[in-house]
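Biologist: I am new to this structure and would like to learn how to read it. Could you take me through it step by step?

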Amino acid sequence: MGVPEIEDAALLLVFGYNGADSHPIVARRIVRAKEKGAKLICVDPRIIETARIADMHLQLKGGTNLLLVNALANAILEEGLCDYDFIEKHSNDFDQFKEIIKKYTPESVAEQTRIPAADIRKAARMYATSGRSMILYGMGVCQFGQAVDVVKALANLTIMTGNLGRPSTGIGPVRGQNNVQGACDMGALPNVYPGYQSVTVPEIREKFEKAWGVKLSDQPGITLTMVPHQVLHEKEPSKQIHAYYIMGEDPAQSDPDLAEVRESLEKCDFVVLQDIYMNKTGQYADVILPATGWCEHEGVYTCCDRGFQRIRKIIEPTGDVKTDWDIISRLSTAMGYPMKYNNTEEIWNELIALCPGFAGVTYAKIERQGCVQWPCRDKGVEDTGTVYLHKDGKFANPDGKAKFFATDWRPPQELENKDYPLTLCTVREVGHYSVRTMTGNCRTLRNLEDEPGWVQISSADADALGIKHRELVRISSKRGSVITRANVTERVKEGAVYMTYQWWIGACNELTNGVFDPISKTPEYNYCACKVENIKDQAAAENEVRRLYEEIRRNMRITDKAG
Ligand SMILES: Nc1nc2c(c(=O)[nH]1)N[C@H]1C(S)=C(S)[C@@H](COP(=O)(O)OP(=O)(O)OC[C@H]3O[C@@H](n4cnc5c(=O)[nH]c(N)nc54)[C@H](O)[C@@H]3O)O[C@H]1N2
Ligand SMILES: Nc1nc2c(c(=O)[nH]1)N[C@H]1C(S)=C(S)[C@@H](COP(=O)(O)OP(=O)(O)OC[C@H]3O[C@@H](n4cnc5c(=O)[nH]c(N)nc54)[C@H](O)[C@@H]3O)O[C@H]1N2
Ligand SMILES: [Mo]
């Protein structure tokens with residue numbers, strides 16, 4: 001689906017996605033859908049902005065997604081609200097699916113999800129009968145040890161109700177960064193070349209070997225989140241990691257269990273950082289390669305809806321910096337594989353020649369249309385790209401049918417306990433961006449919110465712990481401990497606290513758990529056990545925060561010159 005289609009849905013199921021803080025432009029479409037009469041169901045453990053305008057807010061207990069989604073499917077089945085014609089013509093494995101789903105009655109999950117069975121039934125009815133229901137999901141689904149299963153379970157809802165392959169229906173992963181979709185499209189994944197072409201399929205590999213004049217490995221690589229383990233614990237010499245080239249990433253801030261990340265960075269023999277700012281990881285780097293920022297170079301981004309868009313250089317870079325592609329080309333040439341591109345269009349043309357799904361997306365076409373959504377296979381003007389997938393119920397599986405998939409719920413790995421009685425979930429801050437190199441260097445945004453960040457805590461928990469709004473508190477897990485400020489709020493329920501991962505002092509990744517989903521390898525950032533303690537001597541704690549901030553700013557070379 002395309003982002004603009006959101007506003008024409010008859011119902012939006014917004015599941016673990018906080019557009020108002022994460023993607024304000026997409027969030028406008030949600031507001032507009034509501035204005036145009038759409039029904040809105042928000043599934044989130046917090047009262048986020050979407051919950052405030054929703055027709056129903058299912059304020060589930062964190063970590064219980066699959067219980068709820070399976071129960072929604074159960075209610076749709078039980079009430080006979082399926083699109084049986086669509087299921088019959090366009091899907092497989094419905095019977096196996098029913099077999100697993102039948103035990104997930106709304107009544108059986110009400111206690112664990114903390115959602116009354118009647119509300120689950122009502123939401124299921126609304127979703128199944130609107131005629132044009134669309135699902136949007138985000139990190140409230142993905143950042144769990146059981147994430148891919150929940151995505152598939154949400155897809156089940158779309159198949160069983162025929163909410164696919166038509167405008168303003170379907171399931172939308174509202175992907176995080178402006179170009180995270182583009183990074184995947186370009187093959188920045190361990191198991192595929194550009195265009196999602198598997199490294200293990202011999203014909204594909206041979207195609208790339210021929211184009212590039214090299215021999216390529218037939219083994220998939222590993223994901224970012226597996227690096228610490230491969231550095232610290234891998235016994236097999238051929239799989240050990242000794243050198244680490246990090247480009248546009250700050251694992252020493254954004255990866256889980258930072259103590260382990262630091263240990264792995266220290267153990268690596270050689271670390272290179274290619275970035276536009278100094279960051280925490282840079283402090284472990286042997287070499288830093290300074291690159292240009294988004295307004296200093298040109299290229300192509302892919303939006304979360306598969307739409308390729310051109311980005312253009314607005315200002316001349318200053319200082320000794322190069323574009324990312326120029327740095328890569330020079331490095332490659334120095335290592336004995338000459339890469340000679342004169343501009344990004346030459347790189348793009350090589351890409352589309354090798355990727356059938358992108359073959360029709362010339363620079364000229366992107367220029368003309370503003371945005372071209374893949375698949376777009378033909379260079380001619382008639383092929384304008386694909387706004388939504390699965391038209392006429394056609395799916396990418398060999399027999400063209402969708403596949404139902406059901407499985408049982410698994411609880412998060414580290415549950416609240418006697419020593420760490422609260423659960424910690426980590427989310428986003430509207431005024432700051434990811435590891436905060438970009439926004440932390442901006443005085444205006446720092447004036448909006450600054451270190452040591454916040455922990456959202458319910459008034460019941462705060463009262464019981466003797467904590468007042470705005471006071472500094474200590475928050476700890478089995479893995480680490482940091483200082484942050486209490487945000488006592490009615491937006492969260494008792495028992496669960498929420499930190500944003502943008503803060504260098506209140507760095508929640510000192511606390512998070514490094515386990516991940518077996519398929520996506522995304523860490524369980526949204527659930528670990530923690531405790532919060534009050535701090536008696538607030539003045540001393542404020543001093544300590546100031547001292548820590550000065551130290552970090554020095555290490556990150558932050559001056560107040562930056563506007
Ligand atoms: N201002 C700003 N914008 C950003 C970013 C930023 O750092 N700052 N980061 C960007 C990136 S990288 C990404 S990936 C996106 C992410 O954007 P979102 O997908 O919106 O990510 P979050 O805010 O982490 O989580 C979404 C919601 O999931 C809820 N949640 C937590 N646990 C559960 C659960 O068990 N079930 C359900 N159903 N919901 C749960 C949280 O309460 C939260 O409201 O934002 C992007 N946009
Ligand atoms: N606890 C917790 N941790 C999380 C998350 C969470 O919800 N909770 N979310 C996770 C998610 S979804 C994500 S996507 C990650 C994000 O984490 P990261 O990817 O580490 O963070 P970013 O701030 O997006 O950018 C990383 C670096 O890229 C640099 N950079 C920006 N533009 C350019 C450029 O054009 N070229 C180069 N070479 N460098 C550039 C920035 O200065 C920064 O140092 O964090 C993850 N970590
Ligand atoms: Mo992300």
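Modeller: Gladly! Keep in mind that this is a predicted model. A good start is to ask which elements line the ligand: helix H1 (19-22), helix H9 (139-142) and strand S16 (422-427) each give at least two residues to the shell around ligand 1.

Biologist: How many residues surround ligand 1, and which are the closest?

Modeller: There are 33 residues around ligand 1, and the closest are Asp44, Asn65, Arg428, His432 and Ser434. Sorted by class, that shell holds 13 nonpolar, 15 polar and five charged residues.

Biologist: How do I read polar contacts, and which atom of Ser22 is involved?

Modeller: Look for pairs of N or O atoms within 3.5 Å. Here, an N or O atom in the side chain of Ser22 is 2.8 Å from an oxygen atom of ligand 1. With Gly63, a polar backbone atom is 2.8 Å from a ligand 1 oxygen, and a polar backbone atom of Met139 is also 2.8 Å from an oxygen atom of the ligand. The protein covers 96% of the 910 Å² of accessible area that ligand 1 has on its own.

Biologist: And which residues have the most contacts inside the largest nonpolar core?

Modeller: For a core, look for buried nonpolar residues joined through their side chains. The largest one has 48 residues, and Ile41, Phe97, Leu154, Leu157 and Met160 have the most contacts inside it. Helix H4 (residues 65-78) gives the most to this core, ten residues.

Biologist: What does Leu154 touch, beyond its neighbours within four places in sequence?

Modeller: Leu154 is in contact with Phe15, Val69, Ile135, Tyr137, Val141 and Ile171. Apart from this core lies another, of 19 residues, including Val3, Ile6, Leu40 and Ala54.

Key. Residues numbered from 1 in each chain as written. Chains lettered and ligands numbered in written order. Predicted model: local features only at pLDDT ≥ 70, side-chain atom pairs only at ≥ 80, totals over all residues. Heavy atoms only, no water. Near = heavy atom within 4 Å. Polar contact = N/O pair within 3.5 Å; in protein donor to acceptor, adjacent residues only side chain to side chain. Areas by Shrake-Rupley, 256 points an atom, 1.4 Å probe, with all protein chains shown as cover. Helix = DSSP H or I, 4+ residues; strand = E, 2+ residues; numbered from the N terminus. Nonpolar A, V, L, I, M, F, W, Y, C, P; charged D, E, K, R; others polar. Core = buried A, V, L, I, M, F, W, Y, C linked by side-chain atoms within 4.5 Å. Buried < 20%, exposed > 50% of the residue type's maximum accessible area, 1.4 Å probe, protein only. Contact = heavy atoms within 4.5 Å.
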